[in-house]
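Pull up the model and let's take a walk through it together. We'll begin with some backbone geometry and then work our way to the ligand and the spaces in the protein.

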Amino acid sequence: MKALIVVDIQNDFCDGGSLAVKNASEIIPITNKIIQFFNKNNLLIVGTKDWHPDNHKSFAINSGGEIGEVGLLNHLPQVWWPKHCVQNSFGAEFHPELLEIKNIIYKGTDPEIDSYSGFFDNGKLKKTELFDILTKHNITELFILGLATDYCVKHTVLDALDLKFKVNVISDACKAVNLSPDDSTLALNEMKQKGAYIIQSEDLI
Ligand code: VGL
Ligand code: ZN
């Protein structure tokens, strides 16, 4: 069975948000068409939400680092981010034009560790419910899209490959943070090299 994973299409990552990804809103109409396609075919759709407490230590302001620089958080390399996707804030809500998604996975809730992947935190200390939901529905193949190509999409895709799913990345429905201008290309190349299929929405719908 196939499932769609919609990664972090939240206000703070969209135009005007605190960690806005360039041209993020361009993926909304494409994503909505794909959601409609999965709904029409009675296929599972799961959305992930970055869902940080206000004191999350990936926030530069809580760790004394400079935004965009890399430091260490509990022995792991950590980019210091502007405050974003704080639990129950407007910035953490899905983009208002995104069609409804019923199954939601929350990640990044532990202030001591960041969580880019929808499956595990960055230290792989704890897992979310994502794997259990997918196995319960006999899912073997994933279609993944969203924000951001070089962080949460990439890490969700790499963990899905490790967990032996067939993984398709819908690249025209992803946008990257691009702290360095090549990060999007590097991320797509890495996902492809590790076994993901990089596809376009028109290959699907
Ligand atoms: C993300 C940076 C920090 C993402 C989340 O959704 O890609 N990026 N937190
Ligand atoms: Zn985050």
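Lys 124 sits in the loop that runs between β5 (103-107) and α3 (130-136). Check its backbone torsions: phi is positive there, at about 55°, even though Lys 124 is not a glycine. Keep in mind as you look that this is a predicted model, so every number here is computed from predicted coordinates.

Now slide along to another loop, the one between β6 (141-147) and α4 (149-162), where you'll find Ala 148. The thing to look at is the peptide bond leading from Leu 147 into Ala 148: it's cis, with omega near -10°. Both partners of that bond turn up again around the ligand, since Leu 147 and Ala 148 are among the residues that surround ligand 1.

So let's go to the ligand. Which residues surround ligand 1? Besides Leu 147 and Ala 148, the shell holds Asp 8, Phe 13, Asp 50, Trp 81, His 84, Tyr 116, Tyr 151 and Cys 152. Sorted by class, that shell comes to 7 nonpolar residues, 1 polar and 2 charged.

Next, the polar contacts. Asp 50 has a side-chain N or O atom 3.0 Å from a nitrogen atom of ligand 1. His 84 also brings its side chain in, with a polar atom 3.1 Å from a ligand nitrogen. Leu 147 takes part through its backbone instead: a polar backbone atom lies 3.4 Å from an oxygen atom of ligand 1. As for cover, the ligand on its own would expose 260 Å², and the protein buries 100% of that.

Where does ligand 1 sit? In the largest cavity. Searching the whole structure for cavities of 30 Å³ or more turns up 1. The largest cavity holds about 110 Å³ of space. Its lining is made of 13 residues, and those nearest the centre are Phe 13, Leu 19, Tyr 116, Tyr 151 and Cys 152. By class, the cavity lining has 9 nonpolar residues, 2 polar and 2 charged.

Now turn to the open spaces. The largest pocket contains about 350 Å³. It's lined by 21 residues, with Tyr 116, Asp 121, Asn 122, His 155 and Asp 159 closest to the centre. Tyr 116 is a name to recognise here, as it is also one of the residues nearest the centre of the largest cavity. Which element gives the largest share of the pocket's lining? That's α4, with 6 residues. β4 (76-79) is in on it too: β4 and α4 each supply at least two lining residues. The class tally for this pocket is 8 nonpolar, 4 polar and 9 charged.

The second largest pocket has about 180 Å³ of space. Thirteen is the wall count here too, in the sense that 13 residues line this pocket, and Thr 109, Asp 110, Ser 115, Asp 121 and Lys 126 lie nearest its centre. Asp 121 is another repeat, being among the residues closest to the centre of the largest pocket. The lining of the second largest pocket splits into 4 nonpolar, 4 polar and 5 charged residues.

Definitions and conventions: Residues numbered from 1 in each chain as written. Chains lettered and ligands numbered in written order. Predicted model: local features only at pLDDT ≥ 70, side-chain atom pairs only at ≥ 80, totals over all residues. Heavy atoms only, no water. Near = heavy atom within 4 Å. Polar contact = N/O pair within 3.5 Å; in protein donor to acceptor, adjacent residues only side chain to side chain. Areas by Shrake-Rupley, 256 points an atom, 1.4 Å probe, with all protein chains shown as cover. 1 Å grid on protein atoms, 1.4 Å probe; cavity = no way out; pocket = protein on both sides within 12 Å on 5 of 7 lines; lining within 4 Å. Sits in = over half its atoms within 2 Å of the grid points. Nonpolar A, V, L, I, M, F, W, Y, C, P; charged D, E, K, R; others polar. Points joined across faces, edges and corners; volume = space filled by probe spheres on them. Helix = DSSP H or I, 4+ residues; strand = E, 2+ residues; numbered from the N terminus.
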